[in-house]
Structures are given as structure tokens and as C-alpha cells.
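Student: I would like to learn how to read helix packing and burial from a set of coordinates. Could we work through an example together?

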Amino acid sequence: MVVCQLMVGFCAVQGERQRIGAPGIPAALVQVQHSKHYVGDKVKYRRATMGSKQFHREDALDNAKILVEQYRLGKEPPGTTLEQVIYAKKLYESAFHPDTGDKQNMMGRMSFQMPGGMAITGAMLQFYRTAPAVVFWQWVNQSFNALVNYTNRNAQSPISTTQLGVAYVSATTSAMITALGCKTYWSRRANPLLQRYVPFAAVAAANCVNIPLMRQTELLYGIDVQDENGNIVTQSKAAAAKGISQVILSRIIMAAPGMTILPLIMERLEKLDWMKRITWFHGPMQVMFVGCFLTFMVPTACGLFPQRCSMRTSTLAFLEPESYEQLKKNCPDKLPERVYFNKGL
């Protein structure tokens, strides 16, 4: 496993040099980091989403960014080892936005998804029996999701304060309406086990609203797409729609095991005599169980689709003729077969 991580990290940091034309390894090896190679993507996201990354000092993160930028230019300090560069890139990926290089809000980073998500999801699964509890924890969850979605958006598409407010209110409202609707309906017609799935239904529905609204400018105006060398060649709304749909699916898959398997486990456990004597511990127990699920599911779900997403130019021609014409103007000699873009997380 250690050898695998070192190889993936080696390809990643060498890829940073190659993207700007500095000496590096062949492109075929760099693709471990940016292709559909699932194992490589999973290792990459496991590095970036580890909750322990939250406890590094700010100066350590800043120094990691400096070293990565120096390495991209081939100007790293003498005596710098490969292990130091790989470790610096782990820290860089966990705290800085891939588009802008700006440091992200601590609670919005994907490395906070596990500790933050386990506490909120555990609370939603525990406190689902009363309407006020359902409303409160859905509001907390969607507030957290809105922050994560904004922090990990495609930063090339700015969003105004008004749009942010509308997106936030719409997402939280949809989650609460879904949760209350499911609770009211299932409390009359469903058994107690099915009622435990109210939080998951609300989370899945809200993700379908929250993410597109928080990233609405990408859908309205399109995002920059690049050729294989990183040159911006046109803008595309279809690329934005593809990236956002992949993020929605990955977020639902991320939450699914903990919110679908855990209710079955708790339904069985809560019938045991010893569990009836420690009802105060049911909440913390669910938080710990959710943490175990998210430890594996956050990097797995993030790695389902490559961060650097792509689309065939023939698809662009069919869906967006105007963008395709702009592509032809910007690439008069040879049209690329595929265009690339950052899908966000």
C-alpha cells in the first residue's frame, strides 16, 4: 500500500511540472492522477479528504503551497526529497482550491467532510421522531452542505450574494419540506423501520436542489473548458451540467451506506435489553458508526468520477453549436477530440 501511494504521489507531482512544460515523466504515467483510473483517483481523494488534515497549522499549509508551486516551476530548494514534495501536495490538495489556489474555508474543505458529516448525519438518524428535531437537523445539514458546495465549486464562475442567499434558502426549504412530508406520510402508513429513512430521503432530495443552486452561474453562463494542454478553448453549459450531475450522484452515494444500512443495524440493536438500558448512548453510537462509513465512502464517492472531467467535442457540437463554433475559431489547425474541465467536488 505504501508503495502504491508513493507511485501515485510521484505521478501526481510530476504531472504538476508537465502541465506547464517543465521536465517530467511521460504523459501516460501522469494519467494515473487525472484519468478514469479509479484506484489512482481513490488514493488521491483519500489523501485530500482525511480528517486529520484539519489539524495542521496554517503556516504548515502555506509552506506546503509554496513548495508545490516551486516544484511546478522546477525551482524547489536544493536537497528537497520526493517524499517531501508528495507530502506537501497532500496538504495542498486538502486545503487549497484547485482552480484558484486560494485557501478554502476550514469547514468547507472535503477533509472536514468526515468529522463534520459524521456528527450531523448521526444526529439526523438519532433525532428523527419529532417534527421540530427533523426541521432543525435538516437545516443544520443543508447549511453545512451549502458551505461545502460553495467552497468546492468551479471557481471560474463567480456567484453573487443574492444568488447565494436564494440558493441557500431554496435548498434548506426543500430539505425540510421533503423531510416533513415523508415523516407525515410514513408515520401514518409505514412501519417504524421505514420511518428511519426519512433523513436519507430528505438528504437525497436536497442534494438535487442544493448543488445546482449553489453552482447556478455555471449552468447559466457555462464554464471554461480546455484542451489537453490546459489552454482555454471555449465555454460550455453542457460541461457544467455534466460535472454538477456527477457531483450530485457522488454526494448521494457518499451518504447512502451510512443512512441506509445503519437504520437496519440500530433497529435490531435497540430491541436488545442491554441497549434499552443505555438509551443515552444511542446518539454517540450512531455518530461513531457513521464516521466508520464516511471514512471509506468520502474518498470512494469523490473518486467515482475524475476531478478533471472531459467531454467529446462531437457532443459539444450536438448540444452547443455556438460553443463548438468558438472552439473551431480557437483551434483552427486541429480540433481536439476531447475538452477538459474541473467538475468540482
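Tutor: We shall take one helix and its surroundings, then a pair of helices, and finally the cysteines, bearing in mind that this is a predicted model.

Student: Which residues of helix 16 are buried, and why do they lie on the same side?

Tutor: The general idea is that an α-helix has 3.6 residues a turn, so residues three or four places apart point the same way. In helix 16, which spans residues 321-330, the buried residues are Ser-323, Tyr-324 and Leu-327. They cover an arc of only 100° around the axis, and therefore share one side of helix 16. Glu-322 and Lys-329, on the other side of helix 16, are exposed.

Student: What do the buried residues of helix 16 pack against?

Tutor: Their partners are strand 2 (232-236), helix 15 (313-319) and strand 4 (338-342).

Student: At what angle do helix 6 and helix 14 pack, and how should I describe it?

Tutor: The axes of helix 6 (residues 113-126) and helix 14 (residues 282-302) are 8 Å apart, at an angle of about 135°. Because only angles over 145 degrees count as roughly antiparallel, helix 6 and helix 14 are classed as oblique to each other. The crossing of helix 6 past helix 14 is right-handed. Among the residues that meet there are Gly-117, Met-118 and Leu-125 from helix 6, and Gly-291, Leu-294 and Val-298 from helix 14.

Student: How many disulfides are there, and are Cys-208 and Cys-292 buried or partly exposed?

Tutor: A search of the whole structure gives zero disulfides. Cys-208 is partly exposed, at 44% relative accessible area, and Cys-292 is also partly exposed, at 49%.

Methods: Residues are numbered from 1 along each chain as its sequence is written. This is a predicted model: local features need pLDDT of at least 70, side-chain atom pairs count only at pLDDT 80 or more; totals for chains, interfaces and linings use all residues. Side-chain values use heavy atoms; hydrogens and water are left out. A disulfide is a pair of cysteine sulfur atoms within 2.5 Å. Buried means under 20% relative accessible area, exposed over 50%, partly exposed in between (1.4 Å probe, protein chains only). Helices (H or I, at least four residues) and strands (E, at least two) are DSSP runs, numbered from the N terminus. The arc is that of the directions from the helix axis to the C-beta atoms. Contact means heavy atoms within 4.5 Å. Axes are lines fitted to C-alpha atoms, for helices over the stretch in contact, and angles run from 0 to 180 degrees between N-to-C directions. Angles under 35 degrees count as roughly parallel, over 145 as roughly antiparallel, 65 to 115 as roughly perpendicular and the rest as oblique. A crossing is left-handed if the near helix is turned anticlockwise from the far one by less than a right angle, and right-handed if clockwise.
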